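Q: I am new to this structure. Please take me closely through one part of it, and then show me what surrounds that part.

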Amino acid sequence: MKRQIERVNILAVHLLNNFSGSPKVFANALLALNEVGAEIELITSNGPGFLDGLKLTYHHLSYKWHANRWLRLWNFFIAQWQIFWKVIFLSRRIDIVYINTLLPGSAALAAKLMGKKVIYHMHETHVGDPALDSILKFMFRFSADKAVFVSQYLKGQYEKVSHIDRVVVSNSIPLPEEKNNAQGVSKTYDVLMISSLKKEKGLFEFIQLASILQHHSFLLIIGSTQEAIDTLLGQIGIPHNLTILPAQSNVHSFYRKSKVLLNLSHPYLLPESFGMTVLEGLSHGLPCIVPPVGGPSEIIEHGVEGYHFPSTNLSGIGKQIDKLLGDEALYEKQSRAAVEKSACYSHINFNKNICNQILFFDYKIYRQ
């Protein structure tokens with residue numbers, strides 16, 4: 001049997017519920033906490049996203065992402081107001097306010113005012129707008145009791161907040177049953193990239209690379225709507241060997257039908273804090289080419305499970321793809337190494353570490 005903790009009430013807060021990496025990790029964390037008996041309420045937007053369908057109490061926001069910067073900021077500040085008062089109203093029955101990413105900063109202020117313990121789950125070095133980034137980081141420094149970082153690299157970016165308890169809990173690979181439930185994909189792709197809709201993620205570089213390597217098939221999955229994708233990429237010529245898809249609720253079929261995974265995030269404009277798609281790719285045996293700076297470079301050892309290349313070096317990346325796909329022995333060696341590396345990031349370890357850090361609970365007594 002699973003040993004249950006004494007009743008702990010957690011108010012979890014995440015701004016935009018979609019199919020990107022941070023809500024996926026947060027959903028896994030909430031599932032782990034729920035399994036050991038924590039009572040959880042969640043403030044988030046309506047979705048659709050990875051935070052849908054969890055066995056907890058929902059408090060939905062009206063927040064929606066908008067391609068227009070000013071409308072996006074307006075929606076953001078309205079959401080902050082809603083979050084602040086929801087936390088104030090719900091705080092009487094809450095022990096811990098658990099905040100995902102820097103973005104729901106007003107939740108931290110409200111929790112601080114109500115004398116509640118504030119824990120952040122940190123996924124980013126900064127948010128896009130410099131002024132907003134400064135405000136949200138001030139809220140974080142002022143309010144947080146603990147910060148859970150997804151990588152050593154990200155923890156190192158916050159060395160100046162020494163008054164906050166800082167720990168690292170690496171993300172985990174998906175549960176096996178999640179992979180098995182994936183719907184079939186008929187076409188096979190040589191090169192895969194899964195990204196959010198930000199040009200700093202290397203979207204244009206990926207399109208350019210597909211144009212250069214027209215003897216290979218490319219797939220780009222962007223975690224946004226088709227309308228938003230068309231707004232950003234509609235004027236760009238798409239090569240015939242490149243398929244672009246909007247957000248997918250389950251991407252594991254695409255991993256299984258691909259051969260190499262790329263992460264082309266700009267290492268200095270938008271360094272990756274972890275690289276969830278990299279870990280998922282490894283679990284499916286995909287060698288990965290990642291930036292030399294940031295969280296993905298902690299996961300991938302150069303020349304073992306893949307390679308380190310900046311997105312500015314498309315020539316080098318192209319040559320490495322040709323080499324990998326043209327040398328069967330090399331590919332199989334790196335594919336096996338990829339699966340072995342992914343085993344270090346099991347969901348069991350993730351569950352253990354999350355429960356220890358969020359609940360201050362000795363997970364050693366948690367038994368199947």
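**Two helices that cross**

A: In this predicted model, the axes of helix 1 (residues 21-35) and helix 14 (residues 347-359) come within 9 Å. They cross at roughly 75 degrees. An angle from 65 to 115 degrees counts as roughly perpendicular, so helix 1 is roughly perpendicular to helix 14.

Which residues make the contact between them? Helix 1 brings Val-25, Asn-28, Ala-29, Ala-32, Leu-33 and Glu-35. Helix 14 brings Phe-350, Asn-351, Ile-354, Cys-355, Ile-358 and Leu-359. By type, the residues of this contact divide into nine nonpolar, two polar and one charged.

Now look at Tyr-98. Leaving out residues up to four places away in sequence, Tyr-98 touches Ala-29 and Leu-33, among others. Ile-354 and Ile-358 are also among the residues it touches. Those four names appear in the helix contact as well: Ala-29 and Leu-33 from helix 1, Ile-354 and Ile-358 from helix 14. Further partners of Tyr-98 include Ile-10, Leu-11, Phe-26, Leu-30, Ile-119 and His-121.

Tyr-98 belongs to the largest nonpolar core, which has 88 residues. Tyr-98 is one of those with the most contacts inside this core, along with Ile-10, Leu-30, Leu-33, Tyr-120 and Phe-140. Helix 2 (residues 69-90) gives the most to the core, with eight residues.

Helix 2 deserves its own look. It has 22 residues and reaches 31 Å from its first C-alpha to its last. That is close to the 32 Å expected at 1.5 Å a residue. Its buried residues are Leu-73, Phe-76, Ala-79, Gln-80, Ile-83, Phe-84, Val-87, Ile-88 and Leu-90. What covers them includes strand 1 (9-13), strand 2 (39-45) and strand 3 (57-61). Helix 3 (105-113) and helix 4 (130-143) are also part of the cover.

One more stop is Thr-101. This residue is found in the loop between strand 4 (96-100) and helix 3. Most residues other than glycine have a negative phi. Thr-101 has a positive phi of about 75 degrees, although it is not a glycine. Is Thr-101 buried or exposed? Its relative accessible area is 5%. Under 20% counts as buried, so Thr-101 is buried.

For contrast, turn to Asp-322 in helix 12 (residues 314-326). Asp-322 is partly exposed, with a relative accessible area of 31%. Leaving aside neighbours within four places in sequence, Asp-322 is in contact with Leu-213, His-215 and His-216.

Note on methods. Residues are numbered from 1 along each chain as its sequence is written. This is a predicted model: local features need pLDDT of at least 70, side-chain atom pairs count only at pLDDT 80 or more; totals for chains, interfaces and linings use all residues. Side-chain values use heavy atoms; hydrogens and water are left out. A nonpolar core is a set of buried Ala, Val, Leu, Ile, Met, Phe, Trp, Tyr and Cys residues joined through side-chain atoms within 4.5 Å. Buried means under 20% relative accessible area, exposed over 50%, partly exposed in between (1.4 Å probe, protein chains only). Helices (H or I, at least four residues) and strands (E, at least two) are DSSP runs, numbered from the N terminus. Contact means heavy atoms within 4.5 Å. Axes are lines fitted to C-alpha atoms, for helices over the stretch in contact, and angles run from 0 to 180 degrees between N-to-C directions. Angles under 35 degrees count as roughly parallel, over 145 as roughly antiparallel, 65 to 115 as roughly perpendicular and the rest as oblique. Ala, Val, Leu, Ile, Met, Phe, Trp, Tyr, Cys and Pro count as nonpolar, Asp, Glu, Lys and Arg as charged, and the others, Gly among them, as polar. The expected span of a helix is 1.5 Å times one less than its number of residues.
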